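Colleague: Please take a single residue position in this model and describe its surroundings closely. I should then like the account extended, in one connected answer, to the chain around it.

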Amino acid sequence: MALTMPAHMADHSKTATTDVIVEVRDICKRYGDVEALRNINLDFQRGKLTTLLGPSGCGKTTLLKIIAGLVPATSGEICINGKVVTGPGPERAFVFQDFALMPWATVLRNVAFGLELKGVSQVERERIARHYIGEVGLTGFEQKYPHELSGGMRQRVGIARAFSVNADVLLLDEPFSAVDEQNRRKFQEDLLQLVEKERKSFLFVTHSIEEAVYVSDRIVLLSPRPGRVSQIIEPLIDRSAAPDVIRRDKGYLDVVEEIWQGLRQYAE
Ligand SMILES: Nc1ncnc2c1ncn2[C@@H]1O[C@H](COP(=O)(O)OP(=O)(O)O)[C@@H](O)[C@H]1O
Ligand SMILES: [Mg+2]
């Protein structure tokens with residue numbers, strides 16, 4: 001089989017190498033006696049979504065938090081846009097598994113909160129917040145409180161908040177885990193649109209192999225603790241096809257199966 005790269009793909013890879021935002025360099029993490037991560041080396045590019053997939057406890061959340069600057073690494077470095085970072089920064093936004101919304105604040109205030117922390121004026125932050133509330137489909141809910149929303153809607157608030165601070169890097173830790181299957185699929189489709197539109201780097205964690213294959217440009221399979229990179233898979237899926245066509249596509253189903261074969265050795 002010939003492996004010549006078509007001209008348009010060669011161009012693409014050239015842009016890609018200059019578009020690295022996050023560099024993870026030889027990261028190791030111990031919590032006391034527990035070795036959570038060992039020698040993680042990864043690059044993340046603008047305009048791409050990478051998923052971390054691996055058994056529970058393999059260090060996925062830990063790695064996202066180290067990249068976010070919320071947890072210190074035991075050794076190794078994180079570079080953002082070419083500079084070593086040692087704490088949180090405005091280029092990175094974290095969407096937590098449990099949404100982490102303020103229950104006493106409205107949707108509008110929750111979304112604008114990151115901007116409030118940055119000292120953006122109220123008029124300006126509300127303008128930006130309203131824009132992203134619209135982007136995630138929550139127009140009309142600005143004055144509602146978190147308890148008045150469904151799990152899926154609360155997650156949209158978390159995503160709108162992450163977008164509103166205009167970070168280059170979005171760290172999404174199992175954001176759809178509390179959402180039912182029907183809404184989850186809708187979310188996956190919305191997420192793909194955001195990736196295409198927003199030229200950011202998306203780092204996504206999920207338990208679902210199907211979800212990973214559906215949304216990812218690249219999937220990093222991690223081994224059980226201590227988490228190491230065991231395999232990198234790039235599902236080449238034609239995203240221009242309709243969602244139901246993709247979900248039945250042979251290429252899509254083959255990648256799901258390939259990943260399952262890679263992970264089943266770890267199943268209990
Ligand atoms: N703050 C902590 N203190 C001690 N151990 C921790 C802490 N956070 C995570 N761990 C341990 O590190 C390992 C990796 O955890 P985590 O990153 O949450 O994995 P995952 O997100 O892949 O399920 C687990 O064994 C977990 O118990
Ligand atoms: Mg986790």
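Modeller: A residue is called buried when its relative accessible area is under 20%, exposed when it is over 50%, and partly exposed in between (1.4 Å probe, protein chains only). By that scale L203, with a relative accessible area of 0%, is buried, and L203 is the position I have chosen. The structure is a predicted model, in which local features need pLDDT of at least 70 and side-chain atom pairs count only at pLDDT 80 or more, while totals for chains, interfaces and linings use all residues. Residues are numbered from 1 along each chain as its sequence is written, chains are lettered from A and ligands numbered from 1 in the order in which they are written, and side-chain values use heavy atoms, with hydrogens and water left out.

L203 belongs to strand 8, residues 201–205. Helices (H or I, at least four residues) and strands (E, at least two) are DSSP runs numbered from the N terminus. With neighbours within four places in sequence set aside, L203 is in contact (heavy atoms within 4.5 Å) with F44, T50, L64, I67, V169, L170, L171 and L172. Of these partners, L171 is 32 residues away along the chain, yet its C-alpha atom is separated from that of L203 by 4.9 Å.

Strand 7 spans residues 169–173, and D168 lies in the loop between helix 5 (151–164) and that strand. D168 forms a salt bridge with R46, the closest N and O atoms being 3.6 Å apart; the term requires a side-chain nitrogen of Lys or Arg within 4 Å of a carboxyl oxygen of Asp or Glu. Since R46 is in the loop between strand 2 (34–45) and strand 3 (49–53), the pair ties together parts that are 122 residues apart in sequence. R46 has a relative accessibility of 24% and therefore counts as partly exposed.

Other charged pairs can be described in the same manner. E35 and R38 meet through their side chains in a salt bridge of 2.9 Å, N to O, and R38 is partly exposed at 33% relative accessible area. In helix 6, residues 181–198, K186 and D190 are 4 residues apart, so about one helical turn separates them. The closest N and O atoms of K186 and D190 are 2.9 Å apart, and the two form a salt bridge; K186 is partly exposed, at 40%. E23, R25 and D43 are linked in a network of salt bridges. In the whole structure a search finds 17 salt bridges. The chain carries 34 positive and 36 negative side chains, and the centres of the two sets lie 3 Å apart. In that count Lys and Arg are positive, Asp and Glu negative, and His and the chain ends are not counted; each charge is placed at NZ of Lys, CZ of Arg, CG of Asp or CD of Glu.

As a counterpart to L203, consider E116, which is located in helix 3, residues 107–117. E116 is partly exposed, with a relative accessible area of 25%. Beyond its neighbours within four places in sequence, E116 is in contact with R109 and R125.

Some backbone features also merit attention. Most residues other than glycine have a negative phi, and most peptide bonds are trans. In the loop between helix 6 and strand 8, R199 has a positive phi of about 40 degrees although it is not a glycine; R199 is partly exposed, at 44%. N81, likewise not a glycine, has a positive phi of about 45 degrees and lies in the loop between strand 4 (75–80) and strand 5 (83–85). R225 and P226 are joined by a cis peptide bond with omega of about -5 degrees, and P226 sits in the loop between strand 9 (218–222) and strand 10 (229–233).

For the chain as a whole, there are 9 helices and 10 strands. Buried residues make up 48% of its 268 residues. Of the contacts between residues at least 6 apart in sequence, 68% join residues at least 24 apart. A compact globule of 268 residues would have a radius of gyration near 18 Å, and the chain's 19 Å agrees with this; the radius is taken over C-alpha atoms, and the globule rule is 2.2 Å times the number of residues to the power 0.38. Along its principal axes the C-alpha trace spans about 60 × 45 × 45 Å.
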